[in-house]
Amino acid sequence: MNFPVLTTILLLPLLGAIISIFVPKEKSSIIKGIAGITTFIPLVLTIWIYYLYYTQHMATGGYAFTESIPWVKDLGITYGLGVDGFSLPLVLLTSVIGFCAVYSRSWSVETRAKEFYILLLILITGVMGTFLATDLFIFFLFYEVVIIPIYLMVIIWGSGSKTRKDIGKEYAGMKLTIYLLIGSAFLLAGLIWMYMLAGEMLGVLTFDLATLATLNFAPNLQIAIFGLMALGFLSLISMFPFHSWSPDGYAGAPTAVSMIHAGVLKKIGGYGLIRIGIFLFPVGAKFWAPVIAVLAIGNVVYTALISLAQKDMKYVVGYSSVSHMGFVLIGIASLSLVGLNGAVANMFGHGIMAALFFSIIGYIYGITKTRYIPDLGGLAHQMPRLAGAFLVAAMASAGLPGLLTFVPEVTIFIGAFDSPITRIPAFIVLTGIVIGAVYVLRMAANVLFGPRKEQWDYVEDIKGFSLLPIAVLVAFAVIFGLFPSLLMDMVNSGIQPIAAKLLSAGSQIGGSL
Amino acid sequence: MFDFALNNAWLIPLLPALAFGIITLFTKKMIKLSASISIGAILISFVLSVILGIELIGQGDTFLEHPYKAVVTWFSMPGLSIEVGTLIDNISVMMLLVVTFITSLVQIYSLGYMRGDPGLARFFAYVSLFAASMLGLVIAPNLLIMFVFWELVGLCSYLLIGFWYGKISASAAAKKAFITCRAGDFGLLLGIILLQINFGTLDLQQLSVMIPNFTQYTGLTAVGLTVIAIILFLGPMAKSGQFPFHVWLPDAMEGPTPVSALIHAATMVVAGVYLVGRILTLFITLPSALLFVAIIGAFTALFAATIAITQTEMKKILAYSTISQLGYMMLALGAASLTASMFHLMTHAFFKALLFLGAGCVLHAMHNEASIWKYGGLRKYMPVTYWTFLIGCLAIAGIFPFAGFFSKDLIMEVTFAASSLSGHAHGPFPVAYTVLFLMAALTAFLTAFYMFRMFFICFHGELRSKEVQPHEAPKVMTVPLIILGIFSIISGWVGWPGLGEGQAFGYFVRLGEFQVMEANWLLIILSTLLALFGIGLAALFYWKKSFSPQAVIERVPFLYKLSYNKYYIDEFYLWIIHNIIDKCGWLLWKFDIYVIDGIVNGFGKMAQWGGAVMRKVQTGQLQHYALIFFMGIVLMLLLLSFTGVHSPAIGLMGGAK
């Protein structure tokens, strides 16, 4: 393949951002159009390569559509892109949520639309880059690129909450950013340590993931480096007790940022943990897995209970997304093929579901100017279409079969119960499926159902371009729900080498642990 | 024809699913077209099921021993493979017939009952989705696929209970139903996962081969497997309204009456019974688990009956009677008889759908007045409803020759056979089954009493309400009543004791060897007497008015209150939810804000404070900087000379390379 399809997918949004700079800021509809086109083309291209990979490369596995241009030869840095069965679902997730985020309503965006869309496009590029990179330096570069637009977007276009009057969007944005930065500092320390060690072992410096994966680091070093990196990745995936940035951040952020952050960005944590942490340091992963498994209980049960007490829709979904990440974590901690498959698939499933939820809430907030649940009620009378989509999101959150979150969750639990480390935590975590149903259905009942409230009679049902993101995300939720092998086969082909590494690590050093 | 139906059995659930899709996406605005699509789809499914049914009956027990199975992989990975498809045997075909038949009738009835409702298209869409899910559940070849459809029927139940979403009570009832069932599903899913990781498969056929010899395939002990079976049983308990999960079913009556008839009486609520029936091998292998099923069933049957005798709304009484009858079915399963439970499931589907649809006609006539004490003398105004309702009441009371007589008698017989009274019980717990048998007998009496209490209050005497002029329902509603009435009479005869091979219900639907059932005249006379006694007592109280019920209530006010308030179980659950779970959530939230976030903010504060202190170092005086610089170099030199290593880390920092 000569056509650099991954670079196109990666850089088109950035190109859109650059073009937008030259458009006068009054023409916000043109800028939105540019953003729409430069995210739509990557979406189509991603679906196309997903199809190609699924039909041609999946059986053999490994990276496809690779691009490699040496960048800084002395330091072994290469501009390397590639996708496999593990990253491709997440690339697809980024494309679809990126596109949907452009068309989702954020109530305050109209004021400075130009800057908003430019930052949004940069953000999308940054997230995409982390999943496409096959070189860890490139991975980290994009990881850092992400932080700046998010900070600006939250503090400029964010909003406060009626339930947390003591904190504002500035606090939320700052907390989010500082958390990410501190996490990335630990990650950077771990990366450099590994880079130096690998340089000594190989005799040549490299950041190339595939090369690094051939090395067997000493067990003690694995434990230490995995620990450092995990601190970074796990705070990004909002593991208890490093989760408190997440509800405040999502509640404060504008719709598009909440969608991208909850939908894709926090999945970089899970992606990095598996792709770098487990793949390169399987022994370290075995050492830390019990800790992760126990803390996952905190994620699922603790935050699900907190969700029950929330009265702001965004806080409900914010805490629920922390809760859902507990399922992912327990799947990761099982360190089995089945559990890891479920964890990765659940990252995809939760991404679509969370983006759908935030998009819907953004619309409701935009039109009613409130997210406070007791203010709302009976909205199904005025907005039947939106209510339908809301129910789809709620049911996906509750893990209803036929929607895309069910199979991943079941897979996680089968993997987790099968592994002795995670068996007891998984039992406790399973109660999350009950509490998880309670808070979403409560929210649905209090927002959508009940007598018609005349104060909302002016509200229009969702239509036109605003309907686009919701229709696309619902379609994804249903198609991947009915045909889970579209996702599971793909994920399985990507996870198999990683699971094999875990197995071989177990047989090599099994005695020394 | 038959081969077509057999090879394309997947069409049976798919057609209603397509109807759902078409209505939701395209024809939502066109009510008549939507109704036609929905009814057309279910009628084709019904015809396909009938073709299957006729052929299967012709072939005797061929399909019982060699079920037809066609599957494709739904998803798979090393160590986990789930297949979706169809498993056609006598049991699933019997269920297909019951479900498609009742769904068709209820949909036709709804044309009359729901006339003029602005959400009619939505109603038909949901009912179609329900039919699709229920039919999918029936022919599912493995437990996980069953669970998939199990949850989907739960979703449809949620949507249909909350159909009139403007009513707070409806939306609350819908939520309650979903969450209560979810609590049971926790157990079901856990049980399924544990079976998967122990047996490596969830396929129903493979499991039924492996489970009896589980020690060969797994490291499980009998106790371990018993625990798994009981955990798994929590799901069916919730779905089939067994104590203590029964609380959602009476509230579910907030939905439109056809929905109550279809979902909350005839089909969905029996899914729990059906699921246990599908994996009855698991329970039969483990006598303690089997006894647990029987105890839950018998207790629920009696418990719900004691509530039903004091309720004052037709649909509520019918709801508690459904719970009670579901308890009977569970008891039959607990007595290891698939035949008895499936037989009662079938006859109950007919007469309970009939009763609910009859109650719908009454509500329709009384302009949705719920309290039976406003009714009275309805016999004059609505003769068709009156006669068909009487058939339903006689059937559920178990009077010869109505359907309920045969099926309830069979349950009594199998329980009796397992008890010490019979003298030839095989199981390890004959005494326990004796108690359960007596509970079942008492329930039979109570059932006859409360059904006829309602019957006499509603249909006899004088009309108490002054505001309404009752009238008979239109044909589109009464014709389904008549058809169901006929089935409530004849469907019992297939279980006539003494029918042999190739004829008896028990020959076609069974687990294990077929045995001709001998009529146990003692039991037949006993249960008939109990039923007649119940009816007679109800007639004396509420028809002839020979005794005043008020006097009895004054004798035992405590018991009356307990029964009328459903033993305060709802209040207890609400108390737990509000005072424990919600409080817990609130406390944890505060903990999150003040402790966890407090620590995070504390670090922030420390950094600020540190900055404030360190700022003082920046004096702006060159001498201070030089001094600190010099001290730093001295320290580094000391460090290097004492450790004596040229660490690469330090080299990196200083750029010494």
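## Notebook: loops, rings and a cavity

**Entry 1. B:His367.** I looked up B:His367 and found a relative accessible area of 54%, so the residue counts as exposed. The cut-off for that label is over 50%. The model I am reading is predicted, and I note that here once for the entries that follow. I placed B:His367 in the loop between helix 18 (338-365) and helix 19 (378-381) of chain B. I then read its backbone: phi is near 55 degrees, which is positive, and the residue is not a glycine. I wrote that down because most residues other than glycine have a negative phi.

**Entry 2. B:Tyr567.** I found a positive phi at B:Tyr567 too, about 60 degrees, again in a residue that is not a glycine. B:Tyr567 sits in the loop between helix 27 (557-564) and helix 28 (569-615) of chain B. Its relative accessibility is 29%, so I logged B:Tyr567 as partly exposed. That label covers values between 20% and 50%.

**Entry 3. Cis peptide bonds.** I looked for peptide bonds that are not trans, because most peptide bonds are trans. In chain A, the bond from A:Phe240 to A:Pro241 is cis, and its omega is near 0 degrees. I traced A:Pro241 to the loop between helix 9 (219-236) and helix 10 (245-252) of chain A. In chain B, B:Phe243 and B:Pro244 are joined by a cis peptide bond with omega about 0 degrees. I traced B:Pro244 to the loop between helix 11 (222-239) and helix 12 (248-251) of chain B.

**Entry 4. Aromatic pairs.** I have 74 aromatic pairs over all chains. One of them is B:Phe449 with B:Phe541, an edge-to-face pair at 6.3 Å centre to centre with 80 degrees between the planes. I checked where its two members sit: B:Phe449 is in helix 22 (residues 430-459) and B:Phe541 in helix 25 (residues 521-542) of chain B, 92 residues apart, so the pair links distant parts of the chain. Both B:Phe449 and B:Phe541 are buried.

I then took the pair of B:Phe456 and B:Trp543, which is stacked, at 5.2 Å centre to centre and 10 degrees between the planes. This pair also links distant parts of the chain: B:Phe456 belongs to helix 22 of chain B, and B:Trp543 to the loop between helix 25 and helix 26 (549-555) of chain B, 87 residues apart. How buried or exposed are B:Phe456 and B:Trp543? B:Phe456 has a relative accessible area of 6%, so I count it as buried. B:Trp543 has 39%, so I count it as partly exposed.

I followed both residues into one aromatic cluster, formed by B:Tyr386, B:Trp387, B:Phe389, B:Phe452, B:Phe455, B:Phe456, B:Phe459 and B:Trp543.

**Entry 5. Charges over rings.** B:Trp543 came up again: B:Lys544 lies over its face, at 4.1 Å from the ring centre. In chain A, I noted the charged end of A:Lys501 over the ring of A:Phe279, 5.7 Å from the centre of that ring.

**Entry 6. Cavities.** I found 13 cavities of 30 Å³ or more in the structure. The largest cavity has a volume of about 80 Å³. Which residues line the largest cavity? From chain A, I listed A:Ala398, A:Gly399, A:Pro401, A:Phe406, A:Glu409, A:Val410, A:Phe413 and A:Ile433. From chain B, I listed B:Phe147, B:Glu151, B:Arg182 and B:Leu189. By type, the lining divides into 8 nonpolar, 1 polar and 3 charged residues.

I sorted the lining by element as well. Helix 18 (406-418) of chain A, and helix 7 (143-161) and helix 8 (168-199) of chain B, each supply at least two lining residues. Helix 18 of chain A gives the largest share, 4 residues.

**Entry 7. A:Thr411.** I stayed with helix 18 of chain A, which holds A:Thr411. Relative accessibility of A:Thr411 is 0%, so I count the residue as buried. Its side chain reaches the backbone oxygen of A:Val407 at 2.5 Å.

**Entry 8. Helix 14 of chain B.** How many residues of helix 14 (residues 271-278) of chain B are buried? I count 8 of the 8, so the helix is largely enclosed by the rest of the structure. The buried residues include B:Tyr274 and B:Arg278, along with B:Gly272 and B:Gly277.

Conventions:
Residues numbered from 1 in each chain as written. Chains lettered and ligands numbered in written order. Predicted model: local features only at pLDDT ≥ 70, side-chain atom pairs only at ≥ 80, totals over all residues. Heavy atoms only, no water. Phe/Tyr/Trp six-rings, centres within 6.5 Å; stacked < 30°, edge-to-face > 60°. Buried < 20%, exposed > 50% of the residue type's maximum accessible area, 1.4 Å probe, protein only. Lys NZ or Arg CZ within 6 Å of the ring centre and 35° of its normal. 1 Å grid on protein atoms, 1.4 Å probe; cavity = no way out; pocket = protein on both sides within 12 Å on 5 of 7 lines; lining within 4 Å. Points joined across faces, edges and corners; volume = space filled by probe spheres on them. Nonpolar A, V, L, I, M, F, W, Y, C, P; charged D, E, K, R; others polar. Polar contact = N/O pair within 3.5 Å; in protein donor to acceptor, adjacent residues only side chain to side chain.
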